[in-house]
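Let's read a protein model together, one question at a time. Have a look at it first.

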Amino acid sequence: MNDNQNFVNLKENLKNSLDFFAEKLASIRSNRVTTSLVENIMVECYGSNAPLKTMANLVVQLPNVIIIEPWDPSILNNISKAIESSNLGVNPQKDVKFLRLAFPSLTQERRDQLIKLANSEKENCRIEIKKHRETFMKKIQTELNDKTISEDQKLYLEKEGQKEIDKANENVEILCDKKITELKEF
């Protein structure tokens, strides 16, 4: 009975929401600098916008330095502008063929801001999960009204759907708590 298309769609939507949330959390800086901080910054290049990861090598050189080496050095200035306009709070240092991003240590004030940002993203994800739940429940009710499923199937699907939603909400909490713990480390 779990092969109901609405149930399959719910599971897929929840997975996509969790993946997006994890990606958002990865882009929030902690003491451990990773390339995920910059890889999705949109850069204007050749008349269109594209993520930085599609046009450059990204390497963590030291615990707090990221090196960005574009495949085409002529777009170095575009990458620099995109990074400056992002909310990273770091100024790129240009070299002939690459950019160096030296991230300063986080202040307590900045840590608090990032924790608030992580909690805000968690809330956005929970709202999205709630929307998926409402959509799923309406579709199940419609199937019952159209007599494509029985009352027992509806109850079963609602129960199984709620289990998936609870699991997704639990994963959101785990991911956010992990990020907050990371942000609190010195």
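Below, a student and a tutor talk through this predicted model.

Student: How far apart are the end C-alpha atoms of helix α1?

Tutor: Good place to start! Helix α1 runs over residues 5–26, which makes 22 residues. At 1.5 Å a residue, α1 should span 32 Å. The distance in the model agrees with that: 31 Å.

Student: Why do the buried residues of α1 line one face of the helix?

Tutor: Let's list them: Asn6, Phe7, Leu10, Leu14, Ser17, Leu18, Phe21 and Leu25 are the buried residues of α1. An α-helix has 3.6 residues a turn, so residues three or four places apart point the same way. Looking down the axis of α1, you find its buried residues on one face, because they fall within an arc of 110°.

Student: Which helices do the buried residues of α1 pack against?

Tutor: Here we look for contacts, meaning heavy atoms within 4.5 Å. The buried residues of α1 have such partners in two helices, α3 (108–145) and α4 (151–184).

Student: Which residue caps the N-terminal end of α1?

Tutor: Look for a side-chain oxygen that lies 2.8 Å from the backbone nitrogen of Asn6. The residue that brings this oxygen, and so caps α1, is Asn4.

Student: Is Lys116 buried or exposed?

Tutor: First find Lys116 in helix α3. Its relative accessible area is 64%. Over 50% counts as exposed, so Lys116 is exposed.

Student: How many residues lie between β3 and β4?

Tutor: Strand β3 covers residues 56–62 and strand β4 covers residues 65–70. They pair in the antiparallel sense over six bridges, and one of the bridge partners is Pro70 in β4, facing Ala56. Together the strands form a hairpin, and the number of residues between them is two.

Student: Which are the edge strands of the open sheet?

Tutor: The sheet has four strands in the order β3-β4-β6-β5, with antiparallel pairing. An edge strand pairs on one side only, and that description fits β3 and β5.

Student: Which residue stands opposite Lys94 in β6?

Tutor: β5 (93–94) is an edge strand, and its antiparallel pairing with β6 (residues 99–102) has two bridges. Opposite Lys94, in β6, you will find Leu99.

Student: What angle does the direction of helix α2 make with that of β6?

Tutor: Helix α2 (residues 76–85) packs on the sheet. There α2 touches β4, β5 and β6. Its direction makes an angle with that of β6 of about 20°.

Terms used:
Residues are numbered from 1 along each chain as its sequence is written. This is a predicted model: local features need pLDDT of at least 70, side-chain atom pairs count only at pLDDT 80 or more; totals for chains, interfaces and linings use all residues. Side-chain values use heavy atoms; hydrogens and water are left out. The expected span of a helix is 1.5 Å times one less than its number of residues. Buried means under 20% relative accessible area, exposed over 50%, partly exposed in between (1.4 Å probe, protein chains only). The arc is that of the directions from the helix axis to the C-beta atoms. A polar contact is a pair of N or O atoms within 3.5 Å; within protein, one must be able to donate a hydrogen and the other to accept it, and residues adjacent in sequence count only if both atoms are side-chain atoms. Two strands pair if DSSP finds at least two bridges between them. Axes are lines fitted to C-alpha atoms, for helices over the stretch in contact, and angles run from 0 to 180 degrees between N-to-C directions.
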